[in-house]
Structure formats: C-alpha cells, structure tokens
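Biologist: Let's go through this model together. I will ask for the reasoning behind each label.

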Amino acid sequence: MAQQHYDAGDVTILEGLDAVRLRPGMYIGSTGSRGLHHILWEIVDNAIDEAANGYADKIEVRLYKDGSVSVEDNGRGIPTDIHPKTKVSGVQVVFTQLHAGGKFDEHNYSFSGGLHGVGASVTNALSKWLNVRVNKEGDTWEMGFRSYYDEKKQKVESGIPVAPLKKTGKCGKAHGTLVHFMPDDTVFSSVQFQLSTVEHRLRELAFLNMGLTITLTDERITMNEHAAQEGDDEVQQLDLLGATQPYSVTYRYEGGIADFAAYLNEGKNKLYPQPLYYKGERDGIFVEFAIQHTGEFTENLFSFVNNIPTPEGGFHEMGFRGGITRMLNDYARDNKLIKDKDPNFLGDDFREGITAVLSVKMKNVQFEGQTKTKLGNPEARAPVESVVVEGLRELAAAAKNKKTFDEIIKKAQGAARVRIAARQAKDTARAKNSIDSLQLVGKLAACSGRKPELNELFIVEGDSAGGTAKQARVRQFQSILPLRGKPLNVEKKRLDQVLANEEIRTIISALGAGVGNDFNLDKLNYHKVIILSDADQDGFHIRCILLTFFFRYMRPLVNAGHVYIGMPPLYKVYKQNGSAEEYAYDEEELQQKIEKVGRGYLVQRYKGLGEMSAEQLWRTTMDPMRRNLTQVTIEDAVAAEDMITTLMGDRVEGRKEFLNRNANFNKEDAFMDKVKFKKEADDEE
C-alpha cells in the first residue's frame with residue numbers, strides 16, 4: 001500500500017462559521033422544512049429567554065413577501081460594547097462566533113432554552129443576509145452581515161460583517177433587539193416559511209409564558225385571503241379593509257398553561273369545567289402544571305423544559321406521574337373511596353382521559369433521546385414530584401374543588417375495573433395463543449433477517465395487493481402483513497376494545513413490542529413500519545386509522561421515526577409499443593413525464609395497488625433504491641393531537657371545517673381532463 005504523507009499541516013481548522021456551512025445538518029437537523037424553521041426558532045428562542053427571565057413582555061414576528069423574516073423583542077438588547085477578548089462588539093461576537101453567548105453561567109439568565117450559544121450564529125451562517133438593530137440605553141445601533149458566493153453560486157463565506165457595529169440614532173426609552181434575515185436558498189430545499197407551523201409554535205410559547213404578548217404578521221397574505229382559506233366567506237365579503245391589510249394575529253394568555261389545557265380540550269367531553277393549575281419551586285427547579293380530565297381513554301401529557309418541548313419525556317415526567325399517583329391514592333384513602341382491604345389505584349387509572357401540561361424551568365439542562373427532546377437530569381424527578389403532591393393537596397383542600405376530585409376518583413374507579421377485566425381477558429387469551437404469541441401463519445409473510453434495524457414491515461391494504469407485495473418483496477429483510485378489513489378507529493376506545501379487533505391484534509403481534517404503557521421499543525422487530533394503501537378515499541382512511549392507533553397506543557414508535565408512508569405512483573405514462581414507460585407520483589410530475597415520453601403517450605391512473613404487477617410494485621414502491629417513503633414525525637405534538645381529535649373524534653363541526661378548507665374533490669378530474677385534451681391535441685398533430 002502506498003504511504004501518503006500526513007502531518008499537522010494536513011489538519012484542517014474550520015474557522016468562524018465554516019463548520020456550519022459545511023455540515024448544516026449537524027446544527028439544525030436537516031436542510032428541509034424542519035431545518036428552515038429551526039433557524040427561525042433559534043432567534044425566537046433568544047427573545048423568549050429575555051421574556052422568561054423577566055426582561056421582555058412583547059415579541060413580534062413578521063414574514064415578508066420577499067421570503068425574509070424578522071423577530072423583535074423589547075428585552076435588554078444584545079450587548080453593544082467591545083468584547084474584552086475578541087476586541088469587537090458583543091453583537092458581532094453573538095452572530096459570528098459559535099458557542100458564544102450569555103447563557104453559560106447564571107449571571108445573565110436564570111433559565112434558558114438556548115444552552116450552547118450556537119443559535120444566532122447558525123442562523124447568520126445559513127442566511128444570505130442578516131441585519132440587526134439594537135435599542136439600548138438611549139441609542140440605536142445597527143449592523144449587517146452577508147454571505148458570499150462563487151460564480152457557480154456555491155457559498156464560499158458565511159455571515160461576514162458588512163461593517164462594524166454603528167450607532168445610527170437615538171431611541172429614547174425604547175429597548176430591545178430586531179433581527180431580520182433571509183434564509184439561503186442554496187442551503188435549504190425550500191425557503192418558504194409555513195404560516196401554520198409558525199402559528200402553532202408561537203401560540204404554544206404564548207401559553208407557556210403567562211402574560212407575554214406575541215404578535216405574528218404575514219405580509220404574504222391579506223386578512224381576507226386568510227379568512228377565505230379558513231372557510232369564512234362572510235368576512236371576505238364584508239371586510240373591505242381586510243382586502244389590503246396583511247394577516248396578523250396576537251397571542252396573549254393570562255391563564256398561561258391552564259388556558260393551554262383548556263385549549264387542548266376544546267370540543268371534548270370534560271369531567272370538570274376548568275383545569276386544575278398550580279406552580280411551585282423546589283431546589284431551584286420551578287414547576288407549573290395544569291390538568292383536566294375528559295371522557296376519553298388515553299393520556300395526553302405535553303411537557304416542556306425551559307420552553308423546549310420534550311415529547312420523549314424524561315425525569316420530569318416521571319416525577320409528575322409519580323406525584324399524581326401518590327397524592328390521589330392518599331386522597332382516595334383519606335376520603336374512604338378505597339376500602340382498607342383493596343389495593344391502591346395504578347397511575348394509569350388516574351391518567352385515563354387526562355390532558356396535562358407540565359412546564360419545568362431549571363439550570364444546567366441535559367437533553368438526550370432520539371431527537372434530543374428527552375430530559376436527562378435525574379435530579380429533576382424528586383422536586384417535580386414534590387411540587388405536584390403539594391399542589392394537588394392544596395387544590396383538594398379548597399371546598400370548591402371537592403366535586404372535581406371526586407370526579408377524578410370516580411373516573412379512576414371505572415378505569416381500574418376495565419383494566420382488571422382486560423388483564424383477565426388478556427391472560428386467558430394468552431393461554432390460547434393470543435396477542436403475545438398469536439399464530440400469524442397465512443397472515444404475516446415474515447422476512448428471514450434477524451436484525452430489526454435492517455428489517456421492514458409493509459402493512460398492506462387488502463389481500464390482493466398483499467399477494468402482489470409478497471411476490472415483489474426481498475425475503476431477507478421485507479415482511480408483508482395484508483389487512484383483510486379496516487382496522488378499528490381507536491379514537492375514543494378503551495384498550496380492551498382496541499385489543500378485541502383482530503387486525504389491531506395482528507399488527508401488535510407482528511411488531512412484537514407490546515402496546516399502550518407496556519410498549520417497549522427495545523423489543524421492536526422492525527425499524528421501518530411502512531403503511532402501504534391505495535391512493536383513494538378508503539386508502540387514506542385506512543392510513544389515518546393506523547396513524548391514529550400508532551399515535552395513541554405506540555407513540556414512542558412514531559417519536560423514534562420508525563413509521564413511514566409508502567408512496568405508490570398515481571400514474572403510468574407509456575407508449576403502446578413498449579418503447580417508453582415512466583411513473584409519476586403527483587400531477588406536476590405527470591406533466592414532466594408526459595413531456596419526456598413525447599407524442600403518442602398513454603396515461604394510466606392507478607386506482608389501487610392491486611392493478612400493479614409484482615415487478616411494477618417493486619420498482620416503484622418497494623425497492624429501497626428507487627421508492628418514495630415519507631417518514632411520519634411529530635414535530636408539533638400539540639398540532640398532531642388537535643388534528644387527530646378533529647379528524648378521528650366526535651368534533652363533527654371541526655371536521656367539516658377542515659374538509660371545507662383543505663379538500664378539493666374536483667381537482668383530479670379537472671387535471672385529467674387537461675391531460676386528455678393535451679393528448680388528443682398531440683394526436684391531431
């Protein structure tokens with residue numbers, strides 16, 4: 001083997017923001033939509049940290065027509081004086097140096113969502129330009145940064161200061177920071193901020209920070225245009241001013257997370273009218289929580305640490321659940337609602353139908369887990385549990401809450417009876433080869449591979465498509481599970497009712513990781529669970545039913561990124577003589593394939609997977625090298641909860657509004673008419 005000279009001179013040092021430009025995914029997760037919004041959240045989180053520490057009470061976010069975005073707060077303002085080590089302004093340090101910020105000690109911020117000092121600098125590195133305005137101590141300061149590109153539009157320098165920080169005027173008593181930036185379209189696959197995504201996050205932050213006013217303005221759309229999209233035709237017709245005024249919304253919640261819990265339970269059957277709310281502190285950890293029970297059967301806990309969502313849970317959730325179980329069992333015994341000879345309720349009994357919001361603020365936060373959204377500080381558990389016990393005791397002592405706590409115990413009693421009955425039925429069924437050892441012969445076509453991280457399970461709609469998929473698969477790592485009917489819609493169903501459905505039991509058995517609170521990712525047989533259904537209304541319904549089941553009873557499976565949607569093509573474009581054959585997955589791609597095939601083309605619209613041959617299904621949908629898979633993620637658990645409740649629950653009016661706003665049932669027919677017309681025109685030529 002040839003020896004290559006290698007010494008210290010070959011070691012590359014990435015200076016400034018070069019590392020971010022070279023490996024953006026390391027800092028923001030992806031260069032897709034999620035990463036794009038991440039660079040906005042970095043700036044928003046800085047403003048939120050000012051508010052959370054008592055220095056700001058207003059934040060304004062503005063989306064501009066040119067694709068840029070700005071965030072303004074009325075906090076203290078970024079330091080403008082000269083940094084003693086770098087000899088440049090504090091503003092320049094914050095936006096050009098990685099791991100630079102005022103959050104590494106407790107002097108400036110008691111609690112912070114941004115812990116690593118990379119937020120503002122990463123946003124600058126991944127922007128075409130970024131401008132900062134600081135109002136501080138009577139003066140206005142401004143500074144601009146920009147990135148430079150070569151002739152091939154490849155970025156060669158990131159976030160370079162245009163000029164040093166400059167004093168541009170007086171601001172009187174005003175104070176705060178404005179950051180305005182343009183995302184770099186050479187980095188991101190799309191630079192279009194999604195209004196709904198921004199709305200959801202800002203509303204969430206307003207709930208979490210009681211009394212904070214957050215205003216969002218989108219100059220890309222007028223008030224009337226937004227009203228029309230929401231299905232409010234009367235506003236569009238009557239509000240003349242709204243025809244020119246940009247869409248704007250303000251969030252402010254005096255009730256904080258109590259309002260949050262009430263918002264999450266809108267349209268649900270609530271056991272008591274107002275959420276229970278409490279806040280307290282133990283050992284330097286501040287805890288606030290709000291709970292409200294509904295007539296439903298699943299637990300919905302939304303937890304946050306320093307305003308950062310923690311969908312994977314952690315030690316704070318352990319403390320919260322432990323506190324609820326301990327205090328409510330004590331309450332039940334003290335009030336003779338549990339007989340002396342009877343055992344305590346389980347935590348699951350008290351949490352059936354609960355909607356809870358838990359917000360913890362603490363120092364030296366350590367995140368871990370699949371997506372770094374799990375609290376890893378074990379010292380948080382005991383203080384959270386202590387505050388929850390103390391808070392519930394104080395709430396229970398108030399005479400006005402007696403009926404509420406009696407309703408909670410009554411709900412737990414019903415849940416315990418069902419749990420005991422379900423356990424007995426499960427134990428009996430297990431002896432007859434039920435869920436945990438179900439015979440899947442004739443149902444599951446299992447793969448031969450023994451490494452779950454390599455194995456894939458295709459859940460396929462119908463025996464016909466399942467048979468084709470079995471012929472198309474690679475036996476070494478692809479398993480096929482055909483569904484012989486629609487699974488149960490598990491929304492508003494108890495676990496014993498869920499387990500009574502044969503299709504659901506088959507899925508549980510195939511995955512091998514249990515269900516509900518017994519679900520264990522470590523026992524999962526497949527690291528890719530792929531839903532493969534027809535591209536029609538029944539297929540979409542089956543997809544929704546399965547996603548609802550995974551969300552309600554196997555949420556760690558979704559959180560860990562193991563659930564996917566298989567995307568079969570909608571169209572085949574070909575020539576009769578077999579000289580050309582192309583596949584299109586949407587209408588836009590269909591037009592491209594038509595142009596590629598050329599004159600004399602034919603178009604076949606696939607109505608179901610059963611219309612494909614095994615070779616076609618493999619080539620278009622199952623081949624890892626060529627297929628299109630959409631990974632199911634929960635970036636916003638609150639939005640996901642609201643969507644599932646709307647689409648799969650009892651909120652009929654909400655479902656009607658959603659369909660009126662989003663469904664266009666005539667779109668495909670109109671498009672195919674155009675395709676047919678174009679084909680006929682080509683034939684005439």
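Biologist: What does glutamate 456 touch, leaving aside residues up to four places away in sequence?

Modeller: This is a predicted model. In it, glutamate 456 touches Phe477, Gln478, Ser479, Tyr526, Lys528, Ile530, Pro624 and Arg627. Glutamate 456 belongs to strand S17, residues 456-461.

Biologist: Why is glutamate 456 called buried?

Modeller: Its relative accessible area is 5%. Buried means under 20%. Glutamate 456 is therefore buried.

Biologist: What about cysteine 171 and cysteine 544: why is cysteine 171 called buried, and why is cysteine 544 called partly exposed?

Modeller: Cysteine 171 has a relative accessible area of 16%. The cut-off for buried is under 20%, so cysteine 171 is buried. Cysteine 544 has 29%. Partly exposed lies between under 20% and over 50%, so cysteine 544 is partly exposed.

Biologist: How many disulfides does the structure hold?

Modeller: Zero. A disulfide would need a pair of cysteine sulfur atoms within 2.5 Å.

Biologist: Now the helices. What makes H3 roughly parallel to H6?

Modeller: The axes of H3 (residues 33-52) and H6 (residues 195-208) come within 12 Å and cross at roughly 20°. Angles under 35 degrees count as roughly parallel, so H3 is roughly parallel to H6. Their crossing is right-handed.

Biologist: Which residues make the contact?

Modeller: H3 contributes His37, Leu40, Trp41, Val44, Asp45 and Ile48. H6 contributes Thr197, Val198, Arg201, Leu202 and Leu205. By class, the contact of H3 with H6 has seven nonpolar, two polar and two charged residues.

Methods. Residues are numbered from 1 along each chain as its sequence is written. This is a predicted model: local features need pLDDT of at least 70, side-chain atom pairs count only at pLDDT 80 or more; totals for chains, interfaces and linings use all residues. Side-chain values use heavy atoms; hydrogens and water are left out. Helices (H or I, at least four residues) and strands (E, at least two) are DSSP runs, numbered from the N terminus. Buried means under 20% relative accessible area, exposed over 50%, partly exposed in between (1.4 Å probe, protein chains only). Contact means heavy atoms within 4.5 Å. Axes are lines fitted to C-alpha atoms, for helices over the stretch in contact, and angles run from 0 to 180 degrees between N-to-C directions. Angles under 35 degrees count as roughly parallel, over 145 as roughly antiparallel, 65 to 115 as roughly perpendicular and the rest as oblique. A crossing is left-handed if the near helix is turned anticlockwise from the far one by less than a right angle, and right-handed if clockwise. Ala, Val, Leu, Ile, Met, Phe, Trp, Tyr, Cys and Pro count as nonpolar, Asp, Glu, Lys and Arg as charged, and the others, Gly among them, as polar.
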